[in-house]
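The following note sets out points for a colleague who has the sequence and the coordinates to hand. It proceeds from single helices to the sheet, the charged pairs and the backbone.

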Amino acid sequence: MTLQSDVIQFGGASGGVTKAYQPGVPPALDDVSLSIAAGETVAVMGPSGSGKSTLLNLTAGLDRPTSGEVTVAGQRIDRLGEAALAKFRARHVGIIFQFFNLLEDLTVLDNVLLPAQLAGAPRRKARNRAIELLGDMGIYSRRDDYPARMSGGQRQRVAIARALVNTPELLLADEPTGALDTATGAEIRDLLADLHAQGQTIVLVTHDPGLAGTLADRTVRLVDGKITPDGGLTDLRSSSAPAPTQAGKR
């Protein structure tokens with residue numbers, strides 16, 4: 001994949017990004033300016049209602065700003081029409097959800113293949129990529145099973161493989177361990193840490209300071225739709241943080 005120097009840029013010469021859902025109600029995001037460089041893992045933290053999900057949705061092109069520029073992988077996605085935006089998202093952005101969002105009537109392999117099919121990738125190439133990823137995630141033997149027969153940790157591994165099948169510039173993770181027990185969450189953390197070590201750009205929304213502290217290079221803290229006064233750019237790594245173990249290679 002071709003990486004831009006900044007994979008994400010919120011705001012421009014005219015100011016930051018604002019998203020308001022109703023007139024007279026404080027905006028969900030208020031004049032936010034933010035850059036995330038290629039290869040960074042950035043944690044987005046803050047209390048409920050602080051704007052974390054809105055920031056993630058705008059980055060994914062699932063929502064549009066009320067004002068301001070949103071640039072992802074060199075493309076002004078706030079200018080794209082719906083069809084172009086869906087195509088861009090399929091090719092350039094992978095999303096991991098807290099509750100997996102797998103299709104229960106599709107096999108594991110078909111769930112992973114779905115984004116590649118939507119992006120128009122050649123079937124054989126996409127299948128080879130999906131099989132490779134399922135092997136990396138340690139669940140190749142479950143490729144013909146259905147999600148309902150799998151544990152939460154196994155489902156999240158499928159979801160990560162699905163998010164990576166198109167080799168996206170950007171991986172968005174929305175509370176990826178929030179629905180998992182502690183041990184399984186640590187396994188998913190290690191998989192994400194391995195992806196980061198390989199140069200994958202990741203934006204992680206989490207309430208868990210332990211997850212952010214062991215995985216992210218820095219954190220952006222949101223309160224009431226604004227990045228906190230210190231800029232929210234806190235280096236999270238320290239010598240006291242436990243080092244994640246290495247999972248399979250992608």
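What distance does helix 5 reach from its first C-alpha to its last, and what is expected at 1.5 Å a residue?

1. Length of helix 5. The model is a predicted one. Helix 5 comprises 13 residues, 152–164, and reaches 19 Å from its first C-alpha to its last. The expected value at 1.5 Å a residue is 18 Å, and the helix is close to it.

2. Burial of helix 5. Of the 13 residues in helix 5, 11 are buried, and the helix is accordingly described as mostly covered. Among the buried residues are G153, V158, I160 and L164, and also the arginines R155, R157 and R162. Which elements do these buried residues pack against? The elements are strand 8 (93–96), helix 3 (108–118), helix 4 (123–136), strand 9 (170–174) and helix 6 (182–197).

3. Helix 4. The 14 residues of helix 4 should span 20 Å at 1.5 Å a residue, and the end C-alpha atoms are 20 Å apart, so expectation and model agree. The buried residues of this helix are A126, R129, A130, L133, L134 and D136. They lie on the same side of helix 4, because the arc they cover around the axis is only 155°. Helix 3, helix 5 and helix 6 are included in what covers them. Just after helix 4, G138 has a positive phi of about 75°.

4. The four-stranded sheet. An open sheet of four strands is present, with the order 4-1-6-7 and antiparallel pairing. Strand 4 (34–37) and strand 7 (75–76) stand at the edges; each has a single partner strand, so one side of each is left without a neighbour in the sheet. Strand 1 (residues 6–10) and strand 6 (residues 70–72) run antiparallel and are joined by three bridges. Within this pair, Q9 stands opposite T71 in strand 6. Helix 1 (residues 52–60) packs on the sheet, where it touches strand 1, strand 4 and strand 6. The direction of helix 1 makes about 120° with that of strand 1.

5. A salt bridge between distant parts of the sequence. Side chains of opposite charge can pair when their charged atoms come close. The count of salt bridges is 12. In one of these, the side chains of E104 and R155 meet at 3.7 Å, N to O. Which parts does this pair tie together? E104 lies in the loop between strand 8 and helix 3, whereas R155 belongs to helix 5, so the pair ties together parts that are 51 residues apart in sequence. R155 is among the buried residues of helix 5, while E104 is partly exposed, with a relative accessible area of 40%.

6. A salt bridge within helix 4. R129 and E132 form a salt bridge in which the closest N and O atoms are 3.7 Å apart. The two residues are three apart in helix 4, so about one helical turn separates them. R129 is buried, its relative accessible area being 13%, and E132 is partly exposed at 37%.

7. A buried charged pair and a network. R142 and D145 form a salt bridge whose closest N and O atoms are 2.4 Å apart. Are these two residues buried or exposed? D145 counts as buried at 16% relative accessibility, and R142 counts as buried at 19%; the cut-off for burial is under 20%. Elsewhere, E69, R76 and D78 are joined into one network by salt bridges that share partners.

8. Positive phi outside glycine. A73 is not a glycine, yet its phi is positive, about 55°. This residue lies in the loop between strand 6 and strand 7, and it is buried, with a relative accessible area of 12%. T167, also a residue other than glycine, has a positive phi near 50°. The place of T167 is the loop between helix 5 and strand 9, and the residue counts as partly exposed at 29% relative accessibility.

9. The protein as a whole. The protein has seven helices and 13 strands. Buried residues make up 50% of its 250 residues. Among contacts between residues at least 6 apart in sequence, 71% join residues at least 24 apart.

Key. Residues numbered from 1 in each chain as written. Predicted model: local features only at pLDDT ≥ 70, side-chain atom pairs only at ≥ 80, totals over all residues. Heavy atoms only, no water. Expected span 1.5 Å × (residues − 1). Buried < 20%, exposed > 50% of the residue type's maximum accessible area, 1.4 Å probe, protein only. Contact = heavy atoms within 4.5 Å. Pairing = 2+ DSSP bridges. Axes fitted to C-alpha atoms, helices over the stretch in contact; angles between N-to-C directions. Arc of directions from axis to C-beta. Salt bridge = Lys/Arg side-chain N within 4 Å of Asp/Glu carboxyl O.
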